[in-house]
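Here are my notes from a first pass through the coordinates. Have them open next to you as you read.

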Amino acid sequence: MILCPIVLLAACAASKDNQPDKASKQLEVVVTNSILADMTRTIAQDKINLHSIVPVGKDPHEYQPLPEDIQKTSRADLIFYNGLNLETGGNAWFTKLVKNAKKKENKDYFSVSNGVEKIFLQGEKAEGKVDPHAWLSLENGIIYAQNIEKELSKKDPQHQLFYQENLKNYVDQLHQLDKKAKKKFSTIPENRRMIVTSEGCFKYFSKAYNIASDYIWEINTEEEGTPEQLKKLIRKLRGTSLRALFVESSVDRRPMKMVSKETSIPIYSTIFTDSIAQKGQNGDSYYRMMEWNIDKIYEGLTQQND
């Protein structure tokens, strides 16, 4: 007679053990691109389920979410996007996505660029004309990481110390790389201190490291590589002492090849802007893409004449 209650209690305990523990449920986190995915994974590691919307190597300016993206965004506990008009300009794909998913700003989804000092597109000061490429300054990358950790800790306080420790280590690494970059670029003669890319995406990089920048087109949501754009840049570059051009990994190389041909300035390297590289390749994390950019730009601008 005594066995029954014991058996029942054991059965109840076993039943409870098999129930999912809400407190230990992993956060469902969605981010808009591979750069934010890498930052978030570095801080959260295996404490979350992470989905990145825009695939590695693709342009986040203009994107069409897939059914999987829509489903995961609808179920997400936390969503990170760049902001600064990156995903909300052009076809405004992210604005439509979160609206359809019934997600609320600063409750469900957060801009990781909050707190960054904005740089506007050339000749523009309107809010919709912000240059979105703030992550190309490591100081801004640190702001991104801090914002990510803050929201992760709010949503998942039981792992707050874990997130904070990972953030500290990450920020220390980014600070060291930033110091290295500033030291390297300060040694380049001013008349050779210019980076020329296809898209005008290096304004934040230019400001951070005191390097002038020029480009063929302003931003990827406008016409790219028109005859007028090419002629304007070619005229500027002829007769300069510039020794290298650069082309981004996520754009068509042909316009920059034309500039190179017409100015006799070689394309020194592919560099990263809107995406990290595929896993196992150079630049396959935010840290490594920035390290690659810094090294290749420095090498290109300081190479000796043949």
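1. Where is the place of T32? Look in the loop that runs between β1 (27–31) and α2 (34–44). Keep in mind throughout that this is a predicted model.

2. Is T32 buried or exposed? Its relative accessibility is 1%, and buried means under 20%, so T32 counts as buried. Its side chain also has a polar partner: a polar contact of 2.7 Å joins it to the side chain of E87.

3. The surroundings of T32 are worth a click. Leaving out residues up to four places away in sequence, T32 touches S52, I53, V54, F80, Y81, N82, E87, W93 and F94. Two of these, W93 and F94, are also among the buried residues of helix α4.

4. On to α4 itself, residues 93–100. Its buried residues are W93, F94, L97 and V98. They sit on the same side of the helix because the arc they cover around the axis is only 120 degrees. K99 and N100 are exposed, on the face turned away from that buried side.

5. What covers the buried residues of α4? The cover includes α3 (67–75), β3 (78–81) and β4 (109–111). Following the helix comes K102, which has a positive phi, near 60 degrees.

6. Now the nonpolar cores. The largest has 71 residues, and the members that touch the most others are L152, F205 and Y286. Helix α6 (residues 160–185) gives the most to this core, namely 8 residues. A second core, separate from that one, has 12 residues, including I79, Y81, W93 and V98. W93 and V98 thus tie back to point 4, being buried residues of α4.

7. If you want one residue to inspect in the largest core, try F205, one of the three with the most contacts to other members. Setting aside neighbours within four places in sequence, F205 is in contact with L136, F185, I211, M290, I294 and I297.

8. Last, the largest pocket. It holds about 380 Å³ of space. Its lining consists of 17 residues, and those nearest the centre are D38, I276, D284, S285 and R288. Which helices each supply at least two residues of the lining? They include α2, α6 and α10 (286–302). The largest share, 5 residues, comes from α2. That brings us back to point 1, since α2 is the helix at one end of the loop that holds T32.

Notes: Residues numbered from 1 in each chain as written. Predicted model: local features only at pLDDT ≥ 70, side-chain atom pairs only at ≥ 80, totals over all residues. Heavy atoms only, no water. Buried < 20%, exposed > 50% of the residue type's maximum accessible area, 1.4 Å probe, protein only. Helix = DSSP H or I, 4+ residues; strand = E, 2+ residues; numbered from the N terminus. Arc of directions from axis to C-beta. Contact = heavy atoms within 4.5 Å. Polar contact = N/O pair within 3.5 Å; in protein donor to acceptor, adjacent residues only side chain to side chain. Core = buried A, V, L, I, M, F, W, Y, C linked by side-chain atoms within 4.5 Å. 1 Å grid on protein atoms, 1.4 Å probe; cavity = no way out; pocket = protein on both sides within 12 Å on 5 of 7 lines; lining within 4 Å. Points joined across faces, edges and corners; volume = space filled by probe spheres on them.
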